[in-house]
Structures are given as structure tokens and as C-alpha cells.
Amino acid sequence: MAAPVNIGSLLRSELIEDSVYKDEGVCVLGVFGKSALQAGSAKESLINILADKHVFPLLGAEEPGAPDGGGSIKAYYSQESRVLYLVLTSVFDNRQLLRACECLTSGLGHAEAHEFWKGAEKEHCLQLLFLFSLCHVLLLVHPTCSFDVTYDRLFRALDALRQKALPLLRGAIKDCPVAKEWKMNCRPCPPRLLFVFQMNGALRVSGASGLGGNGNDGAGADKPKKHSPRRRLQHALEDQIYRIFRKSRVLTNQSSNCLFTVPANQAFVYVVPGPDEDPVSSLLGQLRANCALRESDAGTPTPGPRRYQQMRHSGRQPSFNVEHGGFSSSGQLVDCTLKEFLWQHVELVLSKKGFDDSVGRNPQPSHFELPTYSKWAQVASRLYQVMVDGSEDETAELSLKVQGQLKVLEGFLDADAKFSENRCQKALPLAHSAYQSNLPHNYTTTVHKNQLAQALRVYSQHARGVAFQRYAVQLHEDCYKFWSNGHQLCEERSLTDQHCVHKFHLLPKPGEKPEMDHNPPVLYHNSRGRSTSSCNCGRKQAPREDPFDIQSANYDFYQMLEEKCCSKLERINFPVFQASTPDPAPACDEVTRPADVAPSADGDRLKEKETVTHTPGDSTGLSLALSLGQSTDSLGPYGDGAEGHEKRQSVDRQASTVEYLPGMLHSGCPKGLLPKFSSWSLVKLGSAKAYNSLAGLEQPGFLPGSAFLLPWDVVIRSRSEDDAGSIEALDGGPSSWPAPNKAPAGKRGSGGGLGRGRRRDDVARAYVGFEYEDSRGRRFLSSGPDKIVKVLGQGGAKEPATRALNSDMPLYIPSPAQGRGIKPHYAQLARLFIVVPDAPLEITLSPQVQPGPPPCPVFHPEQAEVVLPPDGLWVLRFPYAYVTDRGPCYPPKENQPLASFRVLKGILRANTASSPPQ
């Protein structure tokens with residue numbers, strides 16, 4: 001073989017042997033170990049010396065294989081000497097280590113990097129076992145002259161791995177043409193392990209001092225020693241290595257039971273002396289020596305190849321002290337060369353004598369077989385497929401099983417991971433206790449995350465090492481498993497922002513009854529929150545459960561009370577979805593456009609006043625923007641609902657009969673969709689005379705003195721005037737008040753204005769009341785954003801309604817009857833009372849509610865504007881809860897300003913109806 005090749009390429013190719021050596025046995029010599037930090041590999045340079053050829057390059061050329069720093073085995077077959085050299089390179093060699101470091105990314109974590117290096121070490125162990133299963137002699141090369149005790153742990157790990165994988169390896173080579181003992185033990189013989197150390201500069205001994213003894217003064221210092229310092233070092237290393245391996249039971253009396261053997265009466269340690277000068281000077285000296293002929297060789301010319309060999313020997317002798325055996329002139333034994341040291345063991349193999357390394361009283365002979373190259377190649381090919389390559393289909397299953405046996409190496413090689421495992425296993429119960437401390441029986445995701453964070457803090461205080469992340473993931477899984485195994489609270493929140501008190505459950509299907517014994521149980525949501533609310537008209541109160549859906553909040557409860565109270569009252573029904581198919585579908589979410597832009601400021605909503613007159617029949621067709629005297633641009637993102645009279649009518653007429661709106665109608669909803677039910681209600685309690693301004697509203701739940709509606713005086717001009725009609729501005733201007741020196745409207749008896757002649761300064765009196773109701777059923781009216789109606793004695797409310805109508809009324813205000821708790825108690829706007837007098841006057845109702853800070857949309861009824869007929873006491877019931885396509889709009893928290901939850905001004909507009917608009 002001219003050059004070394006990869007072991008896989010060698011086994012796949014058909015090597016053509018000379019017919020002379022074809023039937024002769026071959027000795028397999030494996031070389032492994034570590035290399036020094038200088039350039040070039042010591043293991044490869046030793047092969048050059050042993051083969052007496054320049055087989056491997058001096059500086060170690062880059063190999064195309066193993067780009068990730070993995071190990072590789074190079075093979076060189078010397079047919080003349082009948083020796084097959086196998087050289088293993090791994091991450092313990094400097095070149096492979098550099099390649100492995102280049103493969104590591106910069107962002108790799110500690111645990112991932114540790115896993116990478118341990119994976120490379122396991123691969124190295126498997127390739128070592130491959131060598132131990134095929135070689136007769138193994139050469140361990142170490143770059144220093146001190147024994148590395150980590151090899152003891154490595155060999156114990158290899159022995160354990162061999163015992164685990166032995167049944168699998170037997171199945172791989174059962175059909176190979178070798179002896180039965182080889183098939184049984186999966187190796188030609190117990191390999192003999194030899195050690196080669198390199199002398200470093202610190203232990204280099206000169207020739208003069210080498211002749212001395214132990215350094216003692218006196219006559220004993222001049223007495224020459226029998227062995228040189230280097231040979232004495234070899235003997236000391238042999239004793240140390242043998243003692244260590246016997247103590248750890250890597251070596252036992254019976255060699256057939258051991259991973260390897262060492263000779264009992266032969267040297268198995270060799271120390272290579274270090275160079276006396278730097279490598280460059282040594283090369284120059286060898287070049288001069290090779291070019292100059294010695295005097296003894298000048299007379300008899302030598303043939304070219306033989307002469308070249310002599311010069312190479314003469315050039316190498318000063319560096320490696322190639323003295324031939326015997327004694328020196330001082331009586332000291334001459335050290336042998338490396339080749340002489342090794343060849344005494346190789347000769348035992350080639351002569352088929354084998355190794356008899358068993359010791360003790362009853363030594364058992366071990367098996368030995370010297371195969372031909374072809375037989376050895378068949379066994380090596382099968383073992384290579386099973387242990388190293390694993391790409392063949394027929395051996396893939398065995399290869400996977402061998403890879404699975406690598407777990408046995410973890411206890412021997414991965415001391416860091418073993419320490420980390422023990423540390424993390426002790427920290428895990430402490431973290432579990434921290435998670436379960438002070439836990440209720442059922443709890444929500446927020447509590448689970450808080451407790452998990454506390455458990456991770458406790459875990460991080462005690463856990464260490466590469467297993468930290470893996471056991472942290474296990475802690476996550478354990479805590480989640482504990483939480484989901486009967487401790488998970490229902491995550492659904494009511495529309496008032498209260499959690500359901502049941503553990504995780506399913507909702508009953510239509511027609512299905514609740515089942516507590518089902519796993520998970522089938523129950524309706526329940527927050528154990530109860531409140532008291534009034535019906536649509538406000539005349540009857542009843543307790544209600546905390547609602548979890550919009551229908552039960554805004555429709556079902558009031559429908560239940562309507563059967564007992566409000567069913568016979570006159571009402572104005574808001575348009576709802578009318579299905580034209582048996583299976584209508586809710587509108588898709590892609591159609592819904594959320595209102596992500598805040599509405600325009602209050603000052604932009606009433607920019608300009610215009611006088612518009614119209615008949616009651618035309619009132620429902622006017623757009624909100626035009627009736628308030630503003631352009632559509634001033635409505636901001638909600639101007640889409642006020643784009644003109646014609647567009648509003650087209651939307652109302654073209655409402656979909658196939659798809660319905662799943663939630664409530666607001667400014668962000670698509671056009672042409674209506675809900676299945678209305679969340680608003682508008683009923684008539686009676687005529688205008690049904691309200692007595694001296695007694696107030698006679699309904700249950702009102703606080704004393706707070707049931708009086710606010711008067712709202714609207715000026716009505718005479719029909720004989722040139723002006724056909726006029727609209728009252730709601731900005732508190734002079735038109736809302738009587739002229740100077742004129743009698744007040746109340747004293748003229750025109751509260752009802754029934755059938756009496758009117759002068760140009762006649763007024764009609766309407767009444768307005770914003771009613772708030774808290775969760776305990778306590779009700780009161782408000783006369784402004786921050787004021788509650790409080791009437792003492794007789795006479796009714798004196799403060800006009802102008803301030804309340806021209807302001808954004810709050811949707812929530814603090815209840816005047818606070819509880820004992822620290823948390824504030826809010827009352828919500830529930831109803832709007834309007835008394836429309838019997839007069840040539842029409843009042844338009846257009847409520848708009850923004851139940852949260854921007855970008856919360858503006859909610860309005862399905863009919864944006866409603867003209868209230870005259871002579872009636874009307875009640876507009878607001879929704880109990882507001883829900884968008886993104887979820888419910890919860891009541892305000894303690895840190896949220898109440899001004900963000902508001903009813904936009906302009907909810908009522910009054911205008912005379914004396915003539916058609918001009």
C-alpha cells in the first residue's frame with residue numbers, strides 16, 4: 001500500500017495482495033492516544049519510524065473526512081513486514097480539536113456544548129472498542145512522560161460497553177470464516193497494550209548527569225548505574241501503570257476476561273527522548289549528514305536504495321538514540337530503539353506463539369488466532385458497519401442497538417453530568433414544595449404562573465450544572481401536570497370581570513343537563529356573584545346571577561322580568577336579524593373591522609349649529625351627523641355610520657338575512673349586519689301626566705330625594721310668526737331661558753301646553769333623568785357628570801337638565817352608599833327617563849356609549865336615531881354589559897379614570913314640528 005487510507009475505504013476496496021504473502025497471517029497494530037500541541041501528530045510520525053517509510057506527512061495534511069471534528073481511523077498495510085497499522089485520530093488530537101471548536105456556534109448554550117463534547121467522546125469510545133476488537137497489539141501514545149489516570153476510567157467504561165455489546169457483536173460476525181473462539185469473544189486474542197511516552201524538556205537528562213546516581217554526595221555519586229535515567233523512568237511507569245490497573249481491576253489474573261493485557265516479563269512502556277535541538281536545526285543537521293559520505297563508506301559504493309536507507313538510519317540515530325543492545329563503555333545498558341521495543345511483541349504474533357499474559361496459581365491460556373488479510377477484512381467490515389458506519393440496511397438494526405448501549409458510558413465518563421443530575425434531583429422536591437405552598441384547591445393560570453416562578457427561583461438556588469435546563473423543563477411539566485390534574489380553575493371570566501368558581505368544566509350543549517360526576521364535569525359558569533337589577537321599565541327589581549354571555553346579560557334577564565311587569569307596555573322595537581334560511585350563520589371575523597382609532601375630541605363633535613326643521617315622519621331618515629350640525633369628518637373613525645341620509649337608509653333596508661352579527665352593534669361593525677336580539681329597550685310607561693314632578697318617580701330602589709327628573713324647557717314660537725320652525729340648541733344659550741321681564745315658563749302653566757294659545761315666548765317643559773343603579777339595586781338620578789339629584793322637601797328638582805344634556809355623562813360613578821371594603825363600589829348608567837309633553841315638539845333620541853378608553857368603539861342601538869312620539873313617559877334601558885368582537889368591555893379598575901367610560905353628549909335633541917323644512 002503506497003499511502004494510508006480511511007478504514008472504510010480500505011474495507012470497501014479489494015486489496016490485491018502479492019501471491020507470496022497472500023496466505024500468510026497479518027499482525028494488526030492499533031495506535032491511539034493524545035497528541036501534543038506542536039504541529040504534526042506524534043502518532044503518525046511513529047508509524048513512519050516503525051514502517052521505515054515516509055508514510056504520513058510530517059506536518060499532518062488536512063483530511064477531507066470528519067468535518068465536525070469527529071474521529072477517523074487511518075489504515076496502512078505493510079505487506080513486507082506483514083503488519084497492518086490502524087491509527088485513530090479524535091478530539092484528543094490538536095487538529096481534530098480545532099475542527100470541533102470551529103463547528104461550535106457562538107450562541108450555543110452550556111448544556112448544548114457539553115452534549116456536543118460528550119457525544120464526541122462517546123464516538124471516540126466506540127471507535128476504540130472497534131480497535132480493541134480487531135487488533136493484536138495496541139499502542140497508547142501520550143505527549144508527556146507522566147501517566148494520565150483518566151485512562152483508567154476510560155478503560156473501565158470500554159470494558160462495560162464491551163460486555164453490553166458482546167451479544168450484538170457475536171450476531172454480526174457469526175457467518176465470518178474465523179475460529180469459534182474468535183466468534184465467541186469477538187476478537188482474535190486479548191490485545192496487548194503498550195505505552196509510548198514522550199520526554200518533555202523538564203525531564204530531559206543530559207549524558208553527564210545521566211551517569212550519576214540519585215544525586216547524593218560522596219563515593220556513591222561516582223558509581224555508574226546499570227540502567228540509564230530513561231530506562232529507570234520506563235520501569236517506574238510500568239510499576240505505576242500495573243499497580244493502578246490492578247487496583248481498579250482493569251487487569252486481572254485471567255487475561256481472557258480483561259479488555260487488554262500487559263506482558264508480565266517484557267517491557268510495555270517506552271519513553272521517546274525529546275529532541276536536543278529545535279526541529280529546524282535537526283532537519284538541517286540530518287540534511288548535512290545525508291549529503292556527506294562517511295569515511296568507512298567511501299571505498300565500497302552501495303546501491304542507491306540501500307544507500308538511502310543507511311543515510312536515513314544515520315540521520316535518525318542522534319535524535320532517538322538508536323543504540324544496539326548491549327553495554328556501553330561505562331558498563332551501562334544501552335537503550336533500545338522504538339522499533340526494537342515494539343518488534344519483540346509483533347514477532348510473538350507473527351510466529352503464532354501468541355500472548356501468555358495470565359498470572360496467578362492456575363493461569364488459563366487465552367485464545368489466539370493469526371488471520372490472513374482477507375479473513376480479517378471480512379470480520380472488520382461487519383464490525384465497521386455495526387459499530388462505526390451503520391449505513392447498510394442489513395446491519396442497521398444491530399447498529400442502532402449498539403448505539404443504544406452507549407448509555408453505559410455516562411456513569412464512567414460524564415462526572416460533571418452525574419454531579420449535576422444528583423444536584424438537580426435534590427433541588428426538584430424543594431421546588432415542588434415551593435410550588436404547592438399556600439395554594440387553593442383550584443386556581444387560575446395567573447396563580448399557576450406565579451407559583452411556577454417561585455418554584456423556579458427555589459430550583460435555581462440549588463440546581464447546578466449541565467442538567468439544569470432539562471430538570472427545569474421537567475419542573476414545568478410536573479407543575480402543569482399537578483395543576484391540570486383536578487386543580488385547574490375555569491378560566492372564563494364573567495362580563496363583570498369575575499372568575500368562574502368551578503374547576504375546569506365543559507358547558508352543557510343545548511338540551512343537555514349539567515353533570516357533576518362527569519370528567520370533566522358539565523356545568524354552567526358561575527362566579528357566585530349576585531346583584532339586584534330592575535326590569536326594562538324600572539318598576540320591578542329582582543336578583544340576577546353574574547352573566548357570562550351577552551344574551552343572558554342584556555336580553556334573557558329582562559325577558560324574564562318582562563313577562564311579570566312590562567309585557568303590556570307600549571314599546572318601540574329596535575330592528576334585529578330576520579333569518580331567511582333555516583340555518584343562519586354568524587358573520588366571519590375577517591369581515592369585522594375593529595375600531596383602532598380613538599374618537600374625535602369633544603370640541604370637534606359640536607363644531608357648528610344649524611337650524612333644521614322637519615316633520616316627525618322625516619326624523620328617522622336624518623343622519624346623526626347632519627342633525628347635530630357637523631360634517632361626517634368630525635366623527636373620526638366612527639363617521640362610517642354617518643355618511644349621509646341615503647346610505648343610512650340603504651343599510652337599514654339591506655340588512656343581511658343570511659348572516660347575523662354575533663355580538664353588539666358598535667362603530668366598528670360591518671354594515672348590513674344585525675344581531676339576533678337587541679341589547680337595548682325603549683318602553684313607554686304612560687302619558688306625560690304619568691309623571692308627577694312633585695312626587696318624582698314612584699319606583700323601588702331609589703335613594704331618598706333622588707327620584708326626581710330634571711326639567712327641560714323648550715321654547716316654542718307662534719305659528720303666525722314668519723319662522724316656520726326652530727330647533728333648540730342644546731348648548732345652554734339664551735334661547736333656553738325666558739326673555740328679561742317675562743314670567744318664567746313654569747308660572748304660565750304651560751307644563752303640558754294642552755290646547756291653549758301660544759305666544760312667541762311660549763315654552764314646553766319636558767323632563768329628563770339619567771338613572772344609575774349599583775349591584776345592590778340602589779338607584780338614583782344624576783344632574784351632571786359629578787352631581788347626584790338630591791331634593792329636600794316638596795317642589796321637585798329645580799336644576800335644569802341642560803347641563804346633563806350638554807355634557808358627556810359618565811357610564812360609571814361612585815355609588816353614594818359605599819360598602820365597608822377598600823375597593824370602590826360603582827353604579828352604572830342603567831336607564832334614561834324622558835317625559836315628552838303633548839306639544840308641537842318632537843324629541844329625537846340618539847344614544848352613543850363608549851364603555852372604555854380608546855380604542856374602544858362607540859356602541860349605539862340598532863336604530864341610531866329614534867323620534868319619540870309626544871305625550872309620553874319613555875324609558876330607554878341601556879345594556880348591562882358591552883361586548884366587542886375582541887371581548888367584553890369590563891367595568892373600570894381602581895386605577896382607571898372614570899371619564900374614559902362615558903355616554904356621548906347629544907343623546908337628546910328637541911325641535912318644533914310646525915311646518916315642513918325650508
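**Entry 1: strand β18 and its sheet**

I looked up methionine 809 and found that its bridge partner is valine 903, in β27. The model I am reading is a predicted one. I then followed the two strands: β18 and β27 (residues 901–903) pair in the antiparallel sense, over 2 bridges. They belong to an open sheet of 3 strands, in the order β18-β27-β22, with antiparallel pairing. Which strands stand at the edges? I noted β18 (809–810) and β22 (849–851); each has a single partner strand, so one side of each is left without a neighbour in the sheet. For background, I recorded that strands of a sheet pair through backbone hydrogen bonds, either parallel or antiparallel.

**Entry 2: after β22**

I continued into the loop between β22 and β23 (866–868), where proline 855 lies. The peptide bond from proline 854 to proline 855 is cis, with omega near 10 degrees.

**Entry 3: threonine 844**

I located threonine 844 in strand β21 (residues 841–845). Is this residue buried or exposed? I found threonine 844 at 0% relative accessibility; it therefore counts as buried. Beyond its neighbours within four places in sequence, I listed its contacts as Glu865, Val866, Val867, Ile907, Leu908, Arg909 and Asn911.

**Entry 4: strand β14**

I checked strand β14 (residues 710–716) and found 5 of its 7 residues buried, so the strand is largely enclosed by the rest of the structure. β14 pairs with strand β15 (residues 762–774) in the antiparallel sense, over 7 bridges. Within this pairing I noted valine 715, whose bridge partner in β15 is valine 763.

**Entry 5: the nonpolar cores**

I turned to the largest nonpolar core, which has 100 residues. Which of them touch the most other members? I recorded Ile7, Phe32, Leu86, Phe155, Phe195, Phe260 and Trp376. Helix α5 (residues 150–172) supplies the largest share of this core, 11 residues. I took phenylalanine 32 as a case: not counting residues up to four places away in sequence, it touches Lys43, Leu88, Leu128, Phe132, Leu138, Leu139, Leu140, Val141, Tyr151, Phe155 and Leu193. Apart from the largest core lies another, of 80 residues, including Tyr772, Trp874, Leu876 and Val903. I recognised Val903 from my first entry as the bridge partner of methionine 809. In soluble globular proteins, nonpolar side chains tend to be buried together.

**Entry 6: a nonpolar patch on the surface**

I also found nonpolar residues at the surface: Val280, Leu284 and Leu287 make a patch of about 290 Å². Leucine 284 has its place in helix α9 (residues 279–291). I noted that leucine 284 is partly exposed, with a relative accessible area of 44%.

**Entry 7: two arginines with positive phi**

Most residues other than glycine have a negative phi, and most peptide bonds are trans. I found phi near 60 degrees, a positive value, at arginine 82 and again at arginine 249. Arginine 82 is in the loop between β3 (72–78) and β4 (83–89), while arginine 249 is in the loop between α8 (229–247) and β7 (269–272). Arginine 82 counts as buried, at 4% relative accessibility, whereas arginine 249 is exposed, with a relative accessible area of 62%.

**Entry 8: the whole chain**

I closed with the totals. The chain holds 22 helices and 28 strands, and 47% of its 918 residues count as buried. Among contacts between residues at least 6 apart in sequence, 75% join residues at least 24 apart. The chain exposes about 45400 Å², of which carbon and sulfur atoms supply 52%.

Notes: Residues numbered from 1 in each chain as written. Predicted model: local features only at pLDDT ≥ 70, side-chain atom pairs only at ≥ 80, totals over all residues. Heavy atoms only, no water. Core = buried A, V, L, I, M, F, W, Y, C linked by side-chain atoms within 4.5 Å. Buried < 20%, exposed > 50% of the residue type's maximum accessible area, 1.4 Å probe, protein only. Helix = DSSP H or I, 4+ residues; strand = E, 2+ residues; numbered from the N terminus. Contact = heavy atoms within 4.5 Å. Patch = residues over 30% accessible without salt bridge, like charges linked within 9 Å, V, L, I, M, F, W, Y side chains within 5 Å. Areas by Shrake-Rupley, 256 points an atom, 1.4 Å probe, with all protein chains shown as cover. Salt bridge = Lys/Arg side-chain N within 4 Å of Asp/Glu carboxyl O. Pairing = 2+ DSSP bridges.
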